[in-house]
Structure formats: structure tokens, C-alpha cells
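Here are some notes to read beside the structure. They take up one strand and its partners, and then the contact between two chains.

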Amino acid sequence: MFTPLAPGRAAPGLARIPLFAVARTLVERYEDDLYLVKGPAAWTAVAALLIGLAALPFLLPRLGMGYLLFIAVLASANVIVAVGLNLLVGYAGLISLGHAGFVAIGAYASGLLAARLEVPWPAAWLGAAAISAAFGFLVGLPALRLTGPYLTIATLGFGIAVYQVLTNWTELSGGRGGLSVPALGLGVGGMSAIQQLALVAITAAVALCWIAYNLARSHIGRALAAIRDSDIAAEVTGVSLTWYKTLAFAISAAYAGVAGAIIAQALRHLEPQAFTFLESITYFAMIVVGGLGTVTGGIIGALLLTLIPHYLSGIKQWLPIAYGAVIIAMMLFEPQGLYGRWLRIRRYFKAWPL
Amino acid sequence: MRTVARIALAAVVVAALGAAAQGQPAERGVSATEIVVGTTMPLSGPAAFWGVPISGAMEAWFRHLNDQGGINGRRLRLVAKDDGYLPPRAVANTRELVERDGVFALVSSLGTANVFAARDYVIESQTIWITPLGGTDIWAGFRQRKYLFVTYPSYIEEGIYLTTYAAANLRARNIAVFYQNDLYGQQGLLGVKRGVDRARGTRLVAQVSYEVTDAEVSAQAQKMRESGADTVILYATPRHGALIVREMARLGFRPTLLSSFTLADPAMFALAGEAWNNVYLTAYFPLPGTGDARVDATLATLSRINPALARNPFNAIAGVGFVEPFLEGLRRAGRDLTKDRLVSAMETLRNWDGEVMRGVTFGPDRRQGTNRIFMIKSEAGRYTKLTDWYTYPTRF
């Protein structure tokens with residue numbers, strides 16, 4: 001029998017003291033396994049990360065890097081879209097190539113709510129999430145009948161339809177002339193507008209990632225994974241396909257809606273051209289590069305594909321080619337994405353020197 | 001007591017270091033030897049055929065000036081960033097240009113959506129902004145424009161001029177507009193509508209739009225033929241302009257053609273062929289190859305420094321035109337350069353002629369540096385000047 005190394009109990013001998021804090025690998029109760037963060041070392045790391053992120057809007061301008069705040073806002077929005085998309089594609093196995101449509105709906109919904117109805121920003125953002133989720137539910141309905149490439153084409157069509165409606169329904173969206181979004185008073189005193197927006201965007205990204213982590217580990221996440229692996233088997237074991245497939249679309253769309261609201265506030269001028277099919281592909285590329293079916297993978301992919309175009313803008317017209325090459329290479333050599341590679345590296349060092 | 005003395009000493013040292021680090025209280029982007037200017041342009045993506053020659057020409061022109069010793073002993077340096085014609089990247093670039101690269105002034109920025117997205121930030125950061133390329137009419141009624149200087153024509157005024165000219169000189173009665181569905185095309189359409197209201201006997205029989213992503217425009221050509229128009233006015237990209245005139249010629253529909261100055265690129269002759277004959281266009285500077293020695297010399301200089309620019313003469317020359325008044329402002333502001341001295345110097349420009357831009361005027365209440373255009377006509381692969389300057393009222 002094993003003797004688990006619990007805190008407070010002295011280790012019997014030097015040989016039993018591990019070098020790294022990987023002692024708590026033996027789990028005795030199911031609830032212990034469910035903890036998102038395990039052990040004091042992990043808690044310290046999470047706390048440091050959260051404090052670091054919260055301090056970012058204050059720290060960057062002090063360090064003379066205030067220009068990075070806008071990129072932090074864009075990165076937060078992309079992280080939210082990618083994590084939401086990963087719940088749909090990576091967990092539920094439902095491929096969407098129309099996510100720019102949901103982002104556009106969120107952006108225009110928040111813009112219109114703020115501009116026409118003059119609602120305060122939290123209401124505008126929640127409204128954006130709710131309206132986007134409602135559209136996600138509608139798109140989820142055909143997903144009950146369609147699978148594989150047929151569903152992909154349906155979502156593709158949805159994305160293009162949203163673009164066309166926003167272009168041509170001038171009374172609603174302002175058409176190609178654009179829609180001006182009023183600056184939302186975020187109500188945080190003593191900070192510049194971009195600091196406030198960065199703080200709110202980062203907070204939203206952290207909160208939504210936390211929700212995604214928990215969704216993924218709950219019965220919802222398991223139901224989605226079951227549908228992905230075999231929807232007949234899932235239905236036989238009592239997973240309601242109708243409910244979970246539409247739920248996956250609605251949640252994913254709600255995430256995209258919040259991201260859209262952030263983008264609307266960052267740009268303050270919306271134009272349908274910013275939400276084309278190409279954006280949908282970029283979102284899809286984020287989760288493929290980062291790692292399908294993991295929340296962390298979505299975060300990594302979104303951060304990378306936000307920062308790469310910015311720092312590689314010097315290579316100009318070669319950028320799309322570099323982009324495509326990276327994605328093909330990832331598919332060939334790292335089908336589990338960067339997060340999968342990281343897990344394997346970690347496993348290797350855990351087992352070292354074996 | 002000793003502690004107090006030590007603290008006092010430390011404070012003095014810190015203050016001295018701080019003062020030393022600051023050196024002379026210089027203006028951002030201006031050193032003893034250099035002036036840094038920034039721009040964000042589509043150097044890749046769907047609008048690269050504008051962004052690449054314009055920024056290339058500005059860079060070549062800076063090098064030409066630097067070879068002659070710069071301006072007031074300072075060399076000019078252009079920091080050009082690629083935004084791929086995407087507003088988020090344009091804003092990120094703009095912020096980085098101001099806050100990291102520390103530019104003295106921003107030049108241009110291309111695309112209405114990009115200009116709108118960057119506008120609040122540029123205005124709030126009180127950065128000098130030279131000719132943002134996104135429809136000048138958005139600035140009318142805009143108050144905080146102390147550091148803004150625009151030398152680009154108004155599409156609305158141009159549309160009025162094209163229509164009234166066609167009515168008075170080309171016997172235009174039934175007018176159709178072919179326009180791009182965005183702010184550029186919509187402003188042109190608005191101008192034509194106002195022109196139709198002014199010119200007696202004319203009416204607008206069709207307004208036909210296309211999307212910038214459209215690959216072909218035969219339905220639009222058909223629609224305009226069926227409208228019975230005798231005159232067609234174009235607000236399009238060179239590619240779509242060429243497509244529509246060729247398609248109309250194929251249908252045997254040959255109305256009087258007029259077009260915005262955006263299609264004055266000589267590349268149109270290659271794109272549209274014979275169909276680009278007898279087209280009436282406006283221009284806001286003398287076009288290369290139309291007998292203006294200074295413009296031709298400018299193009300020769302640019303082509304010598306960067307041979308690729310010779311393939312895009314219109315956009316290259318326009319690129320010089322965008323920065324020219326600013327460079328004159330720098331000359332007039334003198335060696336002791338600050339932001340506000342530049343503004344005062346710019347405001348002294350009265351009917352100033354540069355190598356490309358002519359008759360540029362700014363003033364304490366005037367930021368619209370140019371308000372005149374003239375008519376040209378395409379004949380046998382080249383443009384000829386038809387009229388003298390037409391001047392329209394300034395609005396900002």
C-alpha cells in the first residue's frame with residue numbers, strides 16, 4: 001500500500017522527499033481530482049498570474065509600454081473567441097467556420113444597445129452575449145441534422161449571411177458607412193480610457209476562461225466530449241443531443257458576443273469589412289495551432305496569432321504565406337497543438353531520468 | 001540629523017540624475033539630427049496597391065531630401081508599419097508609432113474605417129496628423145483639429161463638379177452612377193445627387209453599387225444600360241472601373257463617361273484598353289506626363305531612388321503630394337522645432353506651390369489645405385488638361 005504524502009505529515013525519510021512539488025499524484029477521493037488547481041505551488045502560480053494580469057493596465061504605462069495595452073485588449077478578445085470556439089470544435093466536435101458572424105453580432109448588438117438605447121456598458125455587453133447566444137442557438141438547430149462538411153458549410157454560410165445583412169441593412173448597421181460606438185464610461189476613476197478597457201477586457205477573459213475550465217470538467221464537458229467521440233453512443237447513454245448540441249453553439253456564440261463587444265469598444269467605429277470569412281479562418285487557426293479540445297490550447301493559440309501579425313508586420317505580403325505554412329506544419333507535426341507539445345515536454349521531465 | 005542629511009543628499013543626487021537624463025527638453029520625435037515621422041499603411045492585403053507605392057514614394061522623397069542635407073540640418077526618417085487594411089492593426093500601429101517609436105507626426109493612414117478607428121486616439125494624444133486618407137468630409141464640423149492638416153479633395157464637391165460640368169458641356173441629361181458600397185462611393189454618390197439638384201434638366205436614372213470584393217460586374221453594366229442613361233459617373237477602384245467600362249463596351253453601351261480622380265492612374269489604359277478613351281476625370285495635381293516639368297522631375301527622382309515606383313506613377317506622385325506641405329511647414333518652423341511652432345508655420349502657408357501640390361492654403365481656422373480640382377480627358381493612352389482650376393468652398 002501507498003502512503004500518500006499529505007501536508008502536515010512528516011516524510012519518513014530523505015529519499016521520499018521529492019525534488020519538485022509533484023508529490024500529490026495519488027488521489028484518494030473523486031472530489032480531490034476535480035480541483036482545478038492542485039497544491040500550494042500551483043496556487044502560488046495562479047495567484048501570481050492573476051495579480052500580474054490585474055497589474056498589467058497600471059504597470060505597462062509606467063514602463064513606457066502603454067501602446068501594448070491596445071494589443072492586450074485585442075488579445076483578450078481573441079482569447080475569449082478562441083476559448084469559446086474550442087468548446088464547440090474541440091469538445092463537441094462541431095466545426096464552425098462562421099464565428100466572425102457571432103463576433104459581428106456581439107459587436108453590433110453592444111454598439112446599437114449603447115448608441116440607440118443608451119444602456120450602461122455591463123448591460124450592453126450582457127445584451128451582446130445574450131443576442132449572440134440566441135443566434136448561436138438558431139445555428140445549432142441545423143447542427144442536429146447536419147454533420148461533418150455539411151455542418152461546416154452551413155456555419156460558413158451563416159458567417160457570410162451576417163456580413164451581407166450588416167452590409168445591406170443600412171438602417172440597422174449603418175452599412176458600409178459604418179456605425180459609431182459611443183465611449184462607454186467604465187466607471188473606474190483615475191485611469192485613462194484604454195487602461196479601463198484593458199482592465200475590463202482582461203477581467204472578462206479571465207472570468208470566461210475560468211468558466212470554460214469548469215464547463216469542460218463538469219458533466220456538460222463530458223457530455224460534449226461524448227457527442228464528439230460518438231453521438232449515437234452518447235445518446236444511448238442518456239446524453240440529450242438536442243440540448244447539448246444547441247447548448248454548445250449558444251455558449252460558444254455568447255463567448256464570441258462578449259469578444260465582439262470588446263472589439264466594438266476598442267475600435268469605436270464598426271464596419272462589416274472587419275468581420276469577414278477571413279476572420280473566421282483566423283479564429284479557427286488559433287485553436288488548431290494552440291490545441292484542439294483544451295482551454296489552455298485556445299488561450300495559447302489566440303495569444304500567438306494576435307502577437308505574430310503585429311511583430312511580423314515587417315515581412316508584409318509574406319505574412320499570409322507564413323501564416324498558412326505555420327498552420328499546415330502544425331497539422332502535420334503537432335496535431336495536438338502547442339499545448340499538446342507542452343504536455344509531452346512536461347511528462348518527459350516528470351519521468352526523467354527514466 | 002544624519003539621516004535627514006542623507007535623505008537630502010539622496011534627493012539632490014536623484015534630482016540631478018533626472019535632470020541629466022532629460023537633457024534638453026526636446027519635442028517628441030525631434031533630436032539634434034533627426035525628425036521621425038510615422039505612417040500605417042496597407043503594405044499587404046487587398047489595398048496594398050495603394051499603400052506600397054504611397055509609402056514607398058514618401059520614403060524615397062525623404063531620402064532625396066536627406067541627400068541634400070535634410071531640413072534645417074535634420075534628417076527625416078519614416079517609420080512605415082503594415083496594417084493589412086484592418087482597423088485593429090491600424091490602431092495598434094498608430095499607438096505604437098506614438099508611444100514607442102515616438103514619432104513627431106503621423107502621415108496619412110489609409111481607409112475610412114482605419115481613420116475612424118484611430119481618430120479619437122490621435123486627437124487625444126495631440127499628435128500632428130497629416131492628410132488621413134479617408135474622405136475629407138468627415139472633418140467638417142469636427143472641432144478638435146488643431147494638429148490636423150488635410151490636403152486631399154472632397155468627394156462630395158468632386159461629385160457636384162463632375163455632374164454640373166457634364167450637364168453644361170457634355171449635354172448630359174440622364175445620369176447613372178456606378179459606385180463602391182463604402183464611404184468613398186457613398187460620398188461620391190451624394191455629390192452627384194447634389195449636382196443633379198443644381199443642374200437643370202438632369203436627373204439621376206440609376207445608382208448602381210458593387211462590393212469591393214466583387215469579381216465581376218456584368219449585372220451592374222446591364223442595369224445601367226437598361227436605365228437609359230446617356231452619362232455614367234464612376235466611383236470605383238481601378239480594377240472595378242476597368243471591368244465596368246469594358247463590360248459596357250461589350251454590350252455596345254457607350255455613354256459619356258466621367259470618373260473620380262481616383263481612376264486617373266495611367267494603369268487604367270492597360271487595364272481597360274480602348275474602353276478608357278474619351279473619359280472625363282478630375283485631377284487635384286498636374287498628372288505626370290501631361291507637360292508639367294516639376295511633376296515629371298519629381299517622378300524621375302523617385303524612380304531613380306526606387307525603380308519600382310515608375311510602375312505606379314500616379315500613386316507615387318500622390319504620396320509626395322501628401323507630405324509636401326508638411327515638409328514646407330518644417331522648413332518654415334526653423335531649427336528650433338516644436339509641435340506648436342510647426343502648427344504656426346503651417347498656418348502661414350498661403351497659396352503655396354510645391355513640386356506636386358499647388359495652391360495649398362492653411363490658416364488658424366482652416367485645415368482643409370486644398371479646395372480645387374480641374375478637368376482632364378483621356379485620349380489615345382494619355383491625359384490632356386481641359387479646364388483651369390475649379391474652386392469649391394472650404395468646410396473646415
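1. A good place to start is a single residue pair in chain B: Gly38(B) has Val79(B) as its bridge partner in E2(B). Please keep in mind throughout that the model is predicted.

2. That pair belongs to a longer ladder. Strand E1 (residues 34–41) of chain B and strand E2 (residues 75–82) of chain B run parallel and are joined by eight bridges. To get from E1(B) to E2(B), the chain passes through helix H2 (residues 48–67) of chain B. This β-α-β crossover is right-handed.

3. E1(B) also pairs with strand E3 (residues 105–107) of chain B. The sense is again parallel, and two bridges make up the pairing. Here Val37(B) has Ala105(B) as its bridge partner in E3(B).

4. Is E1(B) mostly covered or mostly open? Mostly covered: of its eight residues, seven are buried. As a general point for reading any such strand, side chains in a regular strand alternate between the two faces of the sheet.

5. Now to the contact between the chains. How many residues does each chain bring to the contact? Chain A brings 21 residues and chain B brings 23 residues. On the side of chain A that touches chain B, helix H3 (68–91) and helix H13 (295–311) of chain A each supply at least two residues. H3(A) gives the most to that side, with three residues.

6. As for the kinds of residue, the side of chain A that touches chain B has eight nonpolar, nine polar and four charged residues.

Terms used. Residues are numbered from 1 along each chain as its sequence is written. Chains are lettered from A and ligands numbered from 1 in the order in which they are written. This is a predicted model: local features need pLDDT of at least 70, side-chain atom pairs count only at pLDDT 80 or more; totals for chains, interfaces and linings use all residues. Two residues are in contact if their C-beta atoms, placed from the backbone, lie within 7 Å. Helices (H or I, at least four residues) and strands (E, at least two) are DSSP runs, numbered from the N terminus. Ala, Val, Leu, Ile, Met, Phe, Trp, Tyr, Cys and Pro count as nonpolar, Asp, Glu, Lys and Arg as charged, and the others, Gly among them, as polar. A residue is buried if 20 or more other C-beta atoms lie within 10 Å of its own, exposed if 12 or fewer, and partly exposed in between; C-beta atoms are placed from the backbone. Two strands pair if DSSP finds at least two bridges between them. A crossover is right-handed if, with the strands pointing away from the viewer, the path from the first strand over the helix to the second runs clockwise.
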